[in-house]
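Reader: I am new to this structure and would be grateful for a close look at a single part of it. Please set that part in the context of the whole chain.

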Amino acid sequence: MSHIGNANKMVSKTPRTDRQPYITAGFNQFVKIGFARQLERQLAGANKRIKELEAKVDELNDLKKWLEGR
């Protein structure tokens, strides 16, 4: 058994969206608006958390500099 896995299998970068049923209009495919809104809310929450964590890192770096200067 290979630890690399199946090299012929394509791994999607959007597996959750790929699993959703599509609405087709003309040549375009769309996911339902409720799912799209859920993704937007989760993205906004993740971006907010990233900013909070970056602020904490800045605070810790400032504290580290202050402690080294004592």
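In which helix is the place of Asp-62?

Author: Asp-62 lies in helix 2, which spans residues 33-68. The model discussed here is a predicted one. Its chain contains two helices and two strands, and these follow one another along the sequence in the pattern α-β-β-α.

On the surface, Asp-62 belongs to a patch of negative charge, which it forms together with Glu-54, Asp-58 and Glu-59. A second patch, nonpolar in character, is made by Leu-60, Leu-63, Trp-66 and Leu-67 and covers about 440 Å². Of these residues, Leu-67 likewise has its place in helix 2. The relative accessible area of Leu-67 is 47%, and Leu-67 therefore counts as partly exposed, since that class runs between the limits of 20% and 50%.

The wider setting of these patches may be described for the chain as a whole. Of its 70 residues, 1% count as buried. The chain exposes about 7,000 Å², and 57% of this area is supplied by carbon and sulfur atoms.

The two strands complete the picture. Strand 1, residues 22-25, pairs with strand 2, residues 28-31, in the antiparallel sense, and four bridges join them. One of the bridge partners is Asn-28 in strand 2, which is matched with Ala-25. Two residues stand between the strands of this hairpin, and Gly-26 adopts a positive phi near 65° there.

Note on methods. Residues are numbered from 1 along each chain as its sequence is written. This is a predicted model: local features need pLDDT of at least 70, side-chain atom pairs count only at pLDDT 80 or more; totals for chains, interfaces and linings use all residues. Side-chain values use heavy atoms; hydrogens and water are left out. Two strands pair if DSSP finds at least two bridges between them. Patches are made of residues with over 30% relative accessible area and no salt bridge: like charges are joined within 9 Å, nonpolar side chains (Val, Leu, Ile, Met, Phe, Trp, Tyr) within 5 Å. Accessible areas come from the Shrake-Rupley method with a 1.4 Å probe; for residues, only the protein chains shown count as cover. A salt bridge is a side-chain nitrogen of Lys or Arg within 4 Å of a carboxyl oxygen of Asp or Glu. Lys and Arg count as positive and Asp and Glu as negative; His and the chain ends are not counted. The place of a charge is taken as NZ of Lys, CZ of Arg, CG of Asp or CD of Glu. Buried means under 20% relative accessible area, exposed over 50%, partly exposed in between (1.4 Å probe, protein chains only).
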